[in-house]
Amino acid sequence: GAGKHARLSKAAARTLRSCFRHVLVFADHDTPPDDARRAPSLATAPCNLLFFASDAPIVFDPPPHQGDPPGSSYHLHSHFLKWQVPELAAAAAGEEGEILTNRSADH
């Protein structure tokens with residue numbers, strides 16, 4: 001895992017998975033250019049997360065890469081599928097992380 005900073009993110013993914021059959025979590029950016037082989041990581045830098053949850057399978061059909069510059073909306077739309085966060089995969093699958101409830105605030 002990514003340590004204590006991933007705890008709430010894992011709980012959010014696990015909570016969504018307790019309500020929906022399919023959960024995907026994406027970071028808001030690609031990996032640093034000097035390490036393009038790795039997936040986004042919660043351990044390397046803070047980022048915003050985008051959670052998708054549905055009872056139906058989640059399928060995206062992004063446009064093909066057309067050489068658009070990084071940071072542009074066109075680049076984002078054609079590359080975001082690579083930005084899933086591996087540290088949250090088990091929580092999104094319902095295998096780890098706590099489920100948040102109104103009682104969670106009591107701890």
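**An aromatic cluster and a pair of strands**

Phe26, Phe52, Phe60 and Phe80 come together in one aromatic cluster. The model that shows this cluster is a predicted one, so a word on confidence helps before going further. Averaged over the protein chain, pLDDT comes to 83, and 78% of the residues reach 70 or more. Among the elements, β2 has the highest mean pLDDT, at 96, while helix α2 (residues 73–79) has the lowest, at 86. As a rule of thumb, predicted coordinates should not be read in detail where pLDDT is low.

The overall layout is quick to describe. Three helices and two strands make up the secondary structure of the protein chain, and starting from the N terminus the order is α-β-β-α-α. Of the chain's 107 residues, 27% count as buried. The accessible surface adds up to about 7200 Å², with 54% of it belonging to carbon and sulfur atoms. Contacts also reach far along the sequence: if one takes those between residues at least 6 apart, 69% of them join residues at least 24 apart.

Back to the aromatic rings. The structure holds five aromatic pairs. One of them is made by phenylalanine 26 and phenylalanine 52, and it is edge-to-face, with 5.9 Å from centre to centre and 85° between the planes. The angle is what earns the pair its label, because planes over 60 degrees apart count as edge-to-face. Phenylalanine 26 sits in strand β1 (residues 22–27) and phenylalanine 52 in strand β2 (residues 49–54), so this pair ties together parts of the chain that are 26 residues apart in sequence. How do the two partners fare for exposure, buried or exposed? Phenylalanine 26 is buried, at 2% relative accessibility, whereas phenylalanine 52 is partly exposed, with a relative accessible area of 27%. The cut-off for buried is under 20%, so phenylalanine 26 falls inside it and phenylalanine 52 does not.

The strands that carry these two rings are also joined directly. β1 and β2 run antiparallel, with six bridges between them. Across this pairing, phenylalanine 52 in β2 has leucine 24 standing opposite. As for β1 itself, five of its six residues are buried, so the strand is largely enclosed by the rest of the structure. Leucine 50 gives another view of the pairing. This residue belongs to strand β2 and is partly exposed, at a relative accessible area of 46%. Beyond its neighbours within four places in sequence, leucine 50 is in contact with Leu24, Val25 and Phe26. Its C-alpha lies 5.7 Å from that of valine 25, although the two residues are 25 apart in sequence.

The loops around the strands come next. Arginine 21 lies in the loop between α1 (7–19) and β1, and with 56% relative accessibility it counts as exposed. Setting aside residues up to four places away in sequence, arginine 21 touches Ser54 and Asp55. A separation of 8.5 Å, C-alpha to C-alpha, divides arginine 21 from alanine 93, which is 72 residues away along the chain. One of the partners of arginine 21, aspartate 55, is found in the loop between β2 and α2. Aspartate 55 is partly exposed, at 45% relative accessibility. Between the C-alpha atoms of aspartate 55 and arginine 21 there are 4.7 Å, against 34 residues in sequence. Aspartate 55 also touches others: not counting residues up to four places away, its contacts are Cys19, Phe20, Arg21 and His22.

On the other side of β1, the loop between β1 and β2 contains proline 46. Proline 46 is exposed, at 80% relative accessibility. Measuring C-alpha to C-alpha in the model, proline 46 and aspartate 28 are 10.0 Å apart in space, with their positions 18 residues apart in sequence.

What about disulfides: how many does a search of the whole structure find? The search finds zero. As for the cysteines, cysteine 19 is exposed, with a relative accessible area of 55%, and cysteine 47 is partly exposed, at 23%.

Definitions and conventions: Residues are numbered from 1 along each chain as its sequence is written. This is a predicted model: local features need pLDDT of at least 70, side-chain atom pairs count only at pLDDT 80 or more; totals for chains, interfaces and linings use all residues. Side-chain values use heavy atoms; hydrogens and water are left out. Rings of Phe, Tyr and Trp (its six-membered ring) pair if their centres lie within 6.5 Å; planes under 30 degrees apart count as stacked, over 60 as edge-to-face and the rest as tilted. Helices (H or I, at least four residues) and strands (E, at least two) are DSSP runs, numbered from the N terminus. Buried means under 20% relative accessible area, exposed over 50%, partly exposed in between (1.4 Å probe, protein chains only). A disulfide is a pair of cysteine sulfur atoms within 2.5 Å. Two strands pair if DSSP finds at least two bridges between them. Contact means heavy atoms within 4.5 Å. Accessible areas come from the Shrake-Rupley method with a 1.4 Å probe; for residues, only the protein chains shown count as cover. pLDDT is the predictor's confidence in each residue, from 0 to 100.
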